[in-house]
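Reader: Please explain the terms applied to this structure, setting each value against its criterion.

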2 protein chains.
Amino acid sequence: MRKKHNIDEILETGQELLRTQGYNNTGVEEVLKACGIPKGSFYNFFKNKEDFSIQSLDWYGETQYQHVQQILDNNELSPMERLKDFYNSNAKANIEENCANGCLIGNLSLEMGGINDNIAAAADRNMKRILSLISACIREGQKRGEIRDDYPAEDLANYLHNSFYGTLMRTKASKDFSLFELFQRATFDFIKAK
Amino acid sequence: MRKKHNIDEILETGQELLRTQGYNNTGVEEVLKACGIPKGSFYNFFKNKEDFSIQSLDWYGETQYQHVQQILDNNELSPMERLKDFYNSNAKANIEENCANGCLIGNLSLEMGGINDNIAAAADRNMKRILSLISACIREGQKRGEIRDDYPAEDLANYLHNSFYGTLMRTKASKDFSLFELFQRATFDFIKAK
């Protein structure tokens with residue numbers, strides 16, 4: 001009997017192809033083959049490759065959101081320690097992949113942000129959901145006097161996260177993993193209360 | 001009479017296609033058409049698309065190197081002011097393009113860094129040449145007591161530049177150009193001598 005596929009299985013396999021290979025380097029045929037589904041099933045779930053990519057971004061974004069939430073909700077650590085824990089675990093996961101893949105949201109932002117407004121909007125929406133968790137943790141750290149409060153929490157969240165993404169971009173080409181330590185040292189040096 | 005093409009003209013046109021569209025979204029046929037050259041001429045200059053991309057990175061990298069050098073050699077400004085001037089002009093150039101394109105070195109680092117070692121090495125080599133100029137300017141600022149010296153100049157250069165690239169990535173999807181101001185404010189707040 002033919003196995004029935006659901007959209008979650010297809011997105012789980014498909015978003016990983018997009019993350020590791022990029023949008024323009026991943027054909028629909030390849031997705032069909034990797035998922036073991038006929039063309040008809042794909043177009044039953046997705047209008048086109050753009051729609052598949054947007055749903056992949058939302059699938060990946062939700063997975064990441066839950067992962068970040070779990071780390072930043074850990075009340076056994078202080079807000080600053082939780083943030084360090086989050087970026088450490090993120091750096092570690094990337095180093096384990098030899099920094100070959102990175103983050104689907106960041107990758108599609110840079111590859112497609114200038115040429116496809118719908119994909120750009122999906123990347124931005126998912127990035128902002130995650131940033132809202134980071135802002136909330138920073139705000140808690142500011143209230144406790146652990147994090148500087150002369151910048152709004154949202155600004156510090158953007159600043160931290162952008163620095164991390166620049167580091168991800170650089171390590172993808174250079175494989176110089178010490179850049180993660182520099183990121184960690186310098187940004188946390190910057191955000192800590194003086 | 002048929003116009004003779006030189007490699008510089010092809011690289012000038014070709015690297016712009018790569019920068020605005022990406023590697024996998026730019027076919028050799030499209031480059032031939034944009035440059036108005038026959039296939040034979042292309043393969044006379046380049047072994048293949050990879051080689052064309054590497055030579056494009058070197059062409060773009062050299063142009064950028066000279067541009068950065070010109071700004072950072074301006075002795076009428078202090079090292080800190082020169083650095084601000086550089087990142088300001090870089091942000092301005094990106095905003096003028098609605099942040100749709102960005103930097104060829106950064107774009108290919110993220111699109112190809114995980115799947116093509118030769119392109120990754122070319123991106124990294126060109127990035128490091130530019131970083132050497134930024135480090136030298138920071139070192140001068142440290143000697144003059146204008147820039148903090150508890151971090152090596154190379155670390156501050158990497159940190160500044162990575163933060164800027166993360167900002168470029170974010171603005172490409174979000175079109176939130178205020179992120180450049182945040183970059184400028186926070187990183188220069190961080191590197192200034194206390």
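Author: Contact here means heavy atoms within 4.5 Å. The model is predicted, and the mean pLDDT of chain A is 96, with 98% of its residues at 70 or more. For the complex, the predictor gives an ipTM of 0.95 and a pTM of 0.95.

Reader: Why is α7(A) called oblique to α8(A)?

Author: The axes of α7 (residues 117–143) and α8 (residues 153–174) of chain A come within 8 Å and cross at roughly 120 degrees. Angles of 65 to 115 degrees count as roughly perpendicular and those over 145 as roughly antiparallel. The value belongs to neither range, and α7(A) is therefore oblique to α8(A). The crossing of α7(A) past α8(A) is right-handed.

Reader: Which residues of α7(A) and α8(A) meet?

Author: From α7(A), the residues are A:Met127, A:Ile130, A:Leu131, A:Ile134, A:Ser135, A:Ile138, A:Arg139 and A:Gln142. From α8(A), they are A:Ala153, A:Glu154, A:Leu156, A:Ala157, A:Asn158, A:Leu160, A:His161 and A:Tyr165. Sorted by class, this contact holds 10 nonpolar, four polar and two charged residues.

Reader: What makes the relation between the two copies that of a two-fold rotation axis?

Author: Chain A is superposed on chain B by a rotation of 180 degrees with 0.0 Å of shift along its axis, at an RMSD of 0.0 Å. The two copies are thus related as by a two-fold rotation axis.

Reader: How do you know that the same surface serves both copies?

Author: Of the contact residues of chain A, 100% recur in chain B.

Methods: Residues are numbered from 1 along each chain as its sequence is written. Chains are lettered from A and ligands numbered from 1 in the order in which they are written. This is a predicted model: local features need pLDDT of at least 70, side-chain atom pairs count only at pLDDT 80 or more; totals for chains, interfaces and linings use all residues. Side-chain values use heavy atoms; hydrogens and water are left out. pLDDT is the predictor's confidence in each residue, from 0 to 100. Axes are lines fitted to C-alpha atoms, for helices over the stretch in contact, and angles run from 0 to 180 degrees between N-to-C directions. Helices (H or I, at least four residues) and strands (E, at least two) are DSSP runs, numbered from the N terminus. Angles under 35 degrees count as roughly parallel, over 145 as roughly antiparallel, 65 to 115 as roughly perpendicular and the rest as oblique. A crossing is left-handed if the near helix is turned anticlockwise from the far one by less than a right angle, and right-handed if clockwise. Ala, Val, Leu, Ile, Met, Phe, Trp, Tyr, Cys and Pro count as nonpolar, Asp, Glu, Lys and Arg as charged, and the others, Gly among them, as polar. Copies are superposed by least squares on the C-alpha atoms of residues with pLDDT of at least 70 in both.
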